[in-house]
Amino acid sequence: GWASSDSGGSGLAGGQRAAERRRPGGGRPRYEVVRELGAEEVRWFYREDRKTWKPFIGYDSLRIELAFRALGGSGGGGEPAAVEPVCVRSGLYEVDVASAESYPVYWNQSEKIPVMRGQWFIDGTWQPLEEEESNLIEQEHLNRFKGQQLQESFDMEISKPVDGKEAIHSLKLSRNHVDWHSVDEVYLYSDATTSKIARTVTQKLGFSKASSSGTRLHRGYVEEATLEDKPPQTSHIVFVVHGIGQKMDQGRIIKNTAMMRDTARKVEEKYFSNLATHVEFLPVEWRSKLTLDGDTVDSITPDKVRGLRDMLNSSAMDIMYYTSPLYRDELVKGLQQELNRLYSLFCSRNPEFEEKGGKVSIVSHSLGCVITYDIMTGWNPVRLYEQLLQKEEEELEESWMSYEERRLLEELYLTKQRLREIEERLHELKASTISKPPVLKFKVENFFCMGSPLAVFLALRGIRPGTSGSQDHILPRAICNRLLNIFHPTDPVAYRLEPLILKHYSNISPVQIHWYNTANPLPYEHMKPSFLNPSKEATSAPESESASAAPSPTTSPVMVRRHYGESITNIGKASILGAASIGKGLGGMLFSRFGRSSATPQTLETGKDGPEGDEKKATTVGTPPLPHSSSGFLEPTVELEHRIDFELREGLVESRYWSAVTSHTAYWSSLDIALFLLTFMYKQDQEETDKSNLDTL
């Protein structure tokens, strides 16, 4: 039996009895007697960018409906109570029930998002009727049918023919009218002239009015709203930081983050639905609040090709601001304050986040990578200036000077030393009374750089490759657990970071990011380093050996990478030597070998011709010999602790020249990148889940 309900059902009690009232087919519950809709039967919707109405999940809809009823929306009379805004959509938005609007919590948005209460719905699409019409139909339905018995059939999927049935009740609306053929057979008709003509013609041909031009309506949503239908707890937040050009297109980072969030949701549903946690993406808009030079740059901009000049002022000018000692600090503080504000706001609204060990990652794009890096490491150009002064002092000490000059220099040196001591004492005194707050209020778990010029900035600051394969060489693990540099192969703004840690990684391919739909991809930590464009083996060894070791992409030795700026004379020399080698009967294979000169100790030993050996030695100056194995992969002794450079795969029909224009902004909606980000952020949770499953087994 179906539990009959009195007219008052106000929501939560209905939600608790959901199991009793659900149809076997899993559709919307039905009742024996017509009564007022329960809070669980009403569904609230929102509409973004003037698209179709989207339903709130049950948890959100039920809470909005209860707030609406508390406000006096159910017609109870009396003074409407003040109602708190309802937090919806995983806590990213709030709904003001009184104004029927939704707005974001963590960022500013000029356009408010309208929300609507759905009571009557269109068959098939389950889109709600406009609220005004819906209220009129609901009122008429209750006036006419309240307390009446419903039919026993609950099969809503099969619409019964209503041929020959006269409407038992009708309601005229402004542009439509509604006919009730029975208590639960309700049709909406358009009163436009074309619809009337079509209706008359089809009826004369023997079709029923309902089947020819009516739209069937359903009272109450297809699915009951319950408090159990709620989003999972957020265990990881990702701050998404924009690069240049935000002034030119304000709000772009909000749209880009929304694209990334939607893409990540699809990936979560497909690959990580077994985990009870959730990753949330929050946009960090740091540029629009900055004043910088005011309008000084605009005032000195000539009028010709003004559109192009304004575009450059709004985008490329950000790089010039950042390299300016006057405005650099303003940009750094702008981003730092916004990151801390968002984190504090998130923790205040989610107090259990820190208690449960919630993690924070940052995804930065373009120039945003450099500013984020400088905030995390505390890098300041003043340090470089101090180093330069120290170097000048050392050079002065080494040069010849008169007695008077040397005496004054010693006096200056002692004065500076005394000044430093006083500054240190003052700093210690301040530190003992006021503890300096950390630059960021959180530790960064993963720092993802997308389309990043960070490597160029670091190179220009004097960072050079070291001998250790540790990330600490450029970003200490104490500050950030993992650094990952993502780029499209044709992105003109992006540069590699790995060769700044170990020089020979310039010869090693970046890790290829898996396609989104790859079946059983190899985990990234198990992927071995492979060489960039390996050439063929030297063939000066005996023929029997060369036959057994046929060159292939996996058996070739590492070669010195020929950079674009290499001297043209070297290339010419190699070609001449290559041509000469053909005359020695070694074949075309050896000729192609000189396209890239060999750099391994093995080939240096086996090369027996004098000119060839000299050529090899000449091209390997300043390049350390690279250990390699017969497999063509790097020896583990010189590997990085973790790979840092990850490259998107190029499309099969992609034009490289067109990609160079579009690739820098193509990261946001990529399913491949979304899967890559979530793979690293869910890594620990996935491992724990797998371990618990194994323990259970």
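**Exercise 1. State how many aromatic pairs a search of the whole structure finds, then classify the pair of Trp-126 and Tyr-221.**

Solution. The search of the whole structure gives 23 aromatic pairs. Rings of Phe, Tyr and Trp (its six-membered ring) pair if their centres lie within 6.5 Å; planes under 30 degrees apart are stacked, over 60 edge-to-face, and the rest tilted. For Trp-126 and Tyr-221, the centres are 6.1 Å apart and the planes make 85 degrees, an edge-to-face pair. Trp-126 lies in the loop between strand S7 (120-122) and helix H4 (131-145), and Tyr-221 in the loop between strand S11 (215-219) and strand S12 (233-241), 95 residues apart. Helices (H or I, at least four residues) and strands (E, at least two) are DSSP runs numbered from the N terminus.

The model is predicted: local features need pLDDT of at least 70 and side-chain atom pairs pLDDT 80 or more, while totals for chains, interfaces and linings use all residues. Residues are numbered from 1 along each chain as its sequence is written, and side-chain values use heavy atoms, leaving out hydrogens and water.

**Exercise 2. Classify the pair of Phe-145 and Trp-180 and place both residues.**

Solution. The ring centres of Phe-145 and Trp-180 are 6.2 Å apart with planes at 40 degrees, so this pair is tilted. Phe-145 is in helix H4 and Trp-180 in strand S9 (residues 176-182), 35 residues apart. Buried means under 20% relative accessible area (1.4 Å probe, protein chains only). Phe-145, at 1% relative accessibility, is therefore buried; Trp-180, at 0%, is buried too.

**Exercise 3. Name the residues that ring pairs link into a cluster with Phe-448.**

Solution. Ring pairs join Phe-448 with Tyr-524, Phe-646, Phe-676 and Phe-680.

Definitions and conventions
Buried < 20%, exposed > 50% of the residue type's maximum accessible area, 1.4 Å probe, protein only.
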